[in-house]
Structures are given as structure tokens and as C-alpha cells.
Amino acid sequence: MDDKSLKKLPLKMRPFDTEKLKISKYKFSSRLIVGTGKYKDMEETLRCVEASGAEMVTLAIRRTNLGQSDNSPNLLDYISPSKYTLLPNTAGCYTAEEAFRTLLLARELLDGHCLVKLEVLGNPETLYPNVVETVSAAKKLVAEGFEVMVYTSDDPIIAKKLEDIGCIAIMPLGSLIGSGQGILNPLNLKLIVENANVPVIMDAGIGTASDAARAMELGCEAVLVNSAIAAAGQPEQMATAIKQAVESGRNAFQAKPMKKKNYSASPSSPVEGIIEKKIKS
């Protein structure tokens, strides 16, 4: 629904958050980005993407058929570039050079597409980001004209360095990819958010809807989710739940939650004007 249509709705029917997610020149109504891996088939992938309400979809160039092979389904036959903003990523890359070459291939396969997600991994056991190689790849990709959204650790110094290089969005992990452990270091995530001048999008570690809501409450502009949906017992239902959690978390952040207090209880009901009963002797 566009802004003009929203204004025609009665106030009680309007969503609280009507501000669009802005990443460089791109604008989105949804603040949930979803991945396309780990589903049982392309049909389930499409159903979950639709249930999530996402407008941006990420895909692993090294693992996804985008027309390179006639022997497997083409993802683009299900996830149409005319409907969704595609975010090709470098999943499976362990060096800056691998990542750079992978995204050159993505640009060729997707007719000059320059919006990409950079991730350079440290090892296959943890999939923790190799920040040294990530910084190196980011410099090269930005110089090559790519619009880089970058997966990184929750180190605020590295996050700021990647922003200074020219990355258009910083995507720190909450915990390890596919772990479902949620946000293990909320203080670092908050530091990154408070010091960033580009969108901060939590990437990796979300296990359920409450994790997504927490990321949004901490001030993230969006979240990226794949495993939490694909590995759920009911993937489509989880996609809907996380969609709602992202919306709720964003609304809570904008509502400016009350400050937490130590040893300072405050009753919900006012104490002024209480009628005191006189005890008859």
C-alpha cells in the first residue's frame, strides 16, 4: 500500500510504522529480508517468501541455479526479479578474491545487477566472518562500482571501518549462522547501531520470532532470516510469525520504551488522592 492510500485509512487502521526502509537509493515497505536456501523445494521457497512479506530476497550465487544449468530448477522461475529485489551473496567464499570473482559472475548473470551482499567466511565449522578478508573484498567491490551490503562480526570498530569504505548497509551477526541462538551480545549490536550512518541489518543467528523483535527493538533497520524459517516445523507459519515480530519490534523501538530502573519500584496506579480509611477504635 502506498503512502497516499495509507493516509486515506482511519487512524486506528493505519500501521504505526509507515516509514520505508531506505538502503542507498532503494526503498522497501518490509523490514524483513529472507534467504532462499535450505527449503525442501522451490515451491516451498516461494510460499515462505510470500508469507514473509519480504521484498528483498538473498541468494547464494555459488549454490543457486540462475540459468547456468538445465538440469535443475531455475530460482528465477519462482522468485521473479520483476517482483523482488534480488540480493546475490557470496556464501561459501573464504577469501576476498573468491568473493570478488563470485560477484562479478553475479553481475553478469543478472544483467549488470550491482546490489550485492558480501560475506567472507573464516572456516566451515563456525561460518564466522573473516573480517580481514571482508575489509579487503569490500574495498575492491566498492571501487568496482558495486553497492555492498556486508556481513560482519559484532565488532563496532570493524563495522565503522566497513561503513567508511563505502558499504551501504552493515550486517552484523547476532550469533553464528544457522545456530538459532539469537542475539548473544546485544550491547555490541547497540553500539554499532548508535554509531552507524547507514542501515544496520541483523544477519545470522535468529532462531525464532522473538529474536527478530529484539533486534528491531535494539534499533536495527531490518533483519535477514533464512534458517529460522526453513528449519521450522511449519516454515510458512514461522515466516508469518517473524514478519509480525519485525513489525512489532520496530513499533516498540519507535514508541521509545521506558527506561529500566534498579531498586526503584514505581506502582502502575497513581498514589496521589488515595482515600484513606479511618479505623474506628
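**Helices α7 and α9**

I began with helix α7 (residues 209-217) and helix α9 (residues 235-254) in this predicted model. Their axes come within 7 Å and cross at roughly 25°. I count angles under 35 degrees as roughly parallel. I therefore noted α7 and α9 as roughly parallel to each other. The handedness came next: α7 and α9 make a right-handed crossing.

Which residues of α7 meet α9? I listed A209, A212, A213, M216 and E217. On the α9 side I found M238, A241, I242, A245, V246, G249, R250, A252 and F253. I then sorted this contact by class: eleven residues are nonpolar, one is polar and two are charged.

**Helices α2 and α9**

I stayed with α9 and turned to α2, which spans 42-52. The axes of α2 and α9 lie 7 Å apart, and the packing angle is about 25°. I wrote this pair down as roughly parallel too, because the angle falls under the 35 degrees cut-off. The crossing of α2 and α9 is right-handed.

For the contact residues, I picked out E44, R47, C48, A51 and S52 in α2. They meet P235, E236, A239, T240 and K243 in α9. My class tally for this contact is four nonpolar, two polar and four charged residues.

**Helices α3 and α4**

What angle do α3 and α4 make? I read about 35° for helix α3 (residues 96-109) against helix α4 (residues 131-143). Their axes are 8 Å apart. I also checked the handedness, and α3 passes α4 in a right-handed crossing.

From α3, I noted A96, E97, A99, F100 and L103 at the contact. Their partners in α4 are E133, S136, A137, K140 and L141. I classed six of the contact residues as nonpolar, one as polar and three as charged.

**The largest pocket**

Next I looked for open space. I noted a volume of about 700 Å³ for the largest pocket. Which residues lie closest to its centre? Of the 37 lining residues, I found T36, G37, K38, R63 and N226 there.

I then asked which elements supply at least two residues of this lining. Two are helices, α2 (42-52) and α8 (227-230). Two are strands, β4 (56-60) and β10 (222-225). β4 gives the most, with three residues. So α2 turns up twice in these notes: α2 packs against α9, and α2 also supplies part of the pocket lining.

I sorted the pocket lining by class as well. The split is 15 nonpolar, 16 polar and six charged.

**The cavity**

Last, I searched for enclosed space. How many cavities of 30 Å³ or more does the structure hold? I found one. The volume of the largest cavity is about 30 Å³.

I listed the residues that line this cavity: L21, F28, S30, L32, I33, E55 and M56. By class, five are nonpolar, one is polar and one is charged. From the names, I marked E55 as the charged residue and S30 as the polar one. I closed the entry there.

Notes. Residues numbered from 1 in each chain as written. Predicted model: local features only at pLDDT ≥ 70, side-chain atom pairs only at ≥ 80, totals over all residues. Heavy atoms only, no water. 1 Å grid on protein atoms, 1.4 Å probe; cavity = no way out; pocket = protein on both sides within 12 Å on 5 of 7 lines; lining within 4 Å. Points joined across faces, edges and corners; volume = space filled by probe spheres on them. Axes fitted to C-alpha atoms, helices over the stretch in contact; angles between N-to-C directions. Helix = DSSP H or I, 4+ residues; strand = E, 2+ residues; numbered from the N terminus. Parallel < 35°, antiparallel > 145°, perpendicular 65-115°, else oblique. Left-handed = near helix turned anticlockwise from the far one by under 90°. Contact = heavy atoms within 4.5 Å.
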